[in-house]
Amino acid sequence: MNDRSIYLAAALIGGAVLPVQVALNAFLKRYVGQPMQVTFISYLAGTLASLAICFFARYPLPTSTSISQTSWWMWVGGCLGTLYVWSTIFATPNIGTALTLALTIAGQMIAALFLDHYGAIGLARYPASPLRIAGIMFVIIGVSLVAAAKK
């Protein structure tokens with residue numbers, strides 16, 4: 001397995017666990033009540049898991065010097081993750097897991113196309129070629145099919 005294959009597999013596995021996360025969070029909402037409460041629980045569990053992994057892998061804590069060199073906007077990722085988790089908990093019971101994730105993937109692909117095209121936030125530039133735009137259009141068509149089947 002070459003280096004690229006490892007990254008492709010990691011991305012595929014990461015994507016495969018999302019529907020399970022969404023389903024578990026939607027189920028937890030039945031017991032907890034509000035989507036934001038479930039979001040908090042999800043992030044608390046994730047924080048504890050991350051802390052345990054760092055501990056057992058013996059990753060050192062970031063130094064205050066390295067943290068002080070960051071900008072405030074670099075920390076917004078956690079807030080965006082909160083919005084993502086909350087939105088899936090909020091939407092899933094009303095439109096289903098498949099449509100929720102189809103819309104999530106479409107939103108991710110559209111935003112990713114712009115980020116790649118402009119090399120935003122320090123990313124490498126990957127132009128929005130006609131082939132890449134066509135790929136996004138197929139994703140949108142797929143979302144439309146999933147949405148139509150739900151009616």
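# Working through pockets and helix packing

Let's start with the largest pocket: helix 1 (3–32), helix 5 (97–118) and helix 6 (130–150) each give its lining at least two residues. Keep in mind that the model is a predicted one.

**Exercise 1. Get your bearings: how many helices and strands does the chain have, and what pattern does it follow along the sequence?**

Step 1. Count the elements: there are six helices and zero strands.

Step 2. Read along the sequence, and you get α-α-α-α-α-α.

Step 3. Now the overall extent: the C-alpha trace spans about 50 × 45 × 35 Å along its principal axes.

**Exercise 2. Describe the largest pocket: which residues line it, and which helix supplies the largest share?**

Step 1. Begin with the volume, which is about 280 Å³.

Step 2. List the lining: Arg 4, Leu 8, Met 109, Ala 112, Leu 113, Asp 116, Tyr 126, Arg 132, Gly 135 and Ile 136.

Step 3. Look for the main supplier. Helix 5 gives four residues, the largest share of this lining.

Step 4. Sort the lining by class, and you find six nonpolar, one polar and three charged residues.

**Exercise 3. Do the same for the second largest pocket: which residues line it, and how do they divide by class?**

Step 1. The volume here is about 240 Å³.

Step 2. Going along the chain, the lining holds Tyr 7, Leu 8, Ala 11, Gly 15, Leu 18, Pro 19, Tyr 84, Leu 101, Thr 104, Ile 105, Gln 108 and Met 109.

Step 3. Helix 1 and helix 5 each bring at least two of these residues, and helix 1 has the largest share, with six.

Step 4. By class, the lining has nine nonpolar residues, three polar and no charged.

Step 5. Check the two lists against each other. Leu 8 and Met 109 turn up in the linings of both pockets.

**Exercise 4. Take helix 1 and helix 4: at what angle do their axes cross, and which residues meet?**

Step 1. A pair of packed helices is described by the angle and the distance between the axes.

Step 2. The axes of helix 1 and helix 4 (residues 76–95) come within 9 Å and cross at roughly 70°. So helix 1 is roughly perpendicular to helix 4.

Step 3. As for handedness, this crossing is right-handed.

Step 4. On the helix 1 side, the contact uses Leu 18, Gln 21, Val 22, Asn 25, Ala 26 and Lys 29; they meet Tyr 84, Val 85, Thr 88, Ile 89, Thr 92 and Pro 93 of helix 4. The contact comes to seven nonpolar, four polar and one charged residues.

**Exercise 5. Now helix 1 with helix 2: is the crossing left-handed or right-handed?**

Step 1. The axes of helix 1 and helix 2 (residues 35–56) come within 9 Å, crossing at roughly 125°. That makes the two helices oblique.

Step 2. Their crossing is right-handed.

Step 3. Gln 21, Asn 25, Leu 28, Lys 29 and Val 32 of helix 1 meet Pro 35, Gln 37, Val 38, Ile 41 and Ser 42 of helix 2. Five of the contact residues are nonpolar, four polar and one charged.

**Exercise 6. Finish with helix 4 and helix 5: what is the angle, and how far apart are the axes?**

Step 1. The angle is about 140°, and the axes are 7 Å apart. These helices are therefore oblique to each other.

Step 2. The crossing is right-handed.

Step 3. Helix 4 residues Tyr 84, Thr 88, Ala 91, Thr 92 and Ile 95 meet Thr 97, Leu 99, Thr 100, Leu 101, Leu 103, Thr 104 and Gln 108 of helix 5. The contact divides into six nonpolar and six polar residues, with no charged.

Methods: Residues numbered from 1 in each chain as written. Predicted model: local features only at pLDDT ≥ 70, side-chain atom pairs only at ≥ 80, totals over all residues. Heavy atoms only, no water. 1 Å grid on protein atoms, 1.4 Å probe; cavity = no way out; pocket = protein on both sides within 12 Å on 5 of 7 lines; lining within 4 Å. Points joined across faces, edges and corners; volume = space filled by probe spheres on them. Nonpolar A, V, L, I, M, F, W, Y, C, P; charged D, E, K, R; others polar. Axes fitted to C-alpha atoms, helices over the stretch in contact; angles between N-to-C directions. Parallel < 35°, antiparallel > 145°, perpendicular 65-115°, else oblique. Left-handed = near helix turned anticlockwise from the far one by under 90°. Contact = heavy atoms within 4.5 Å.
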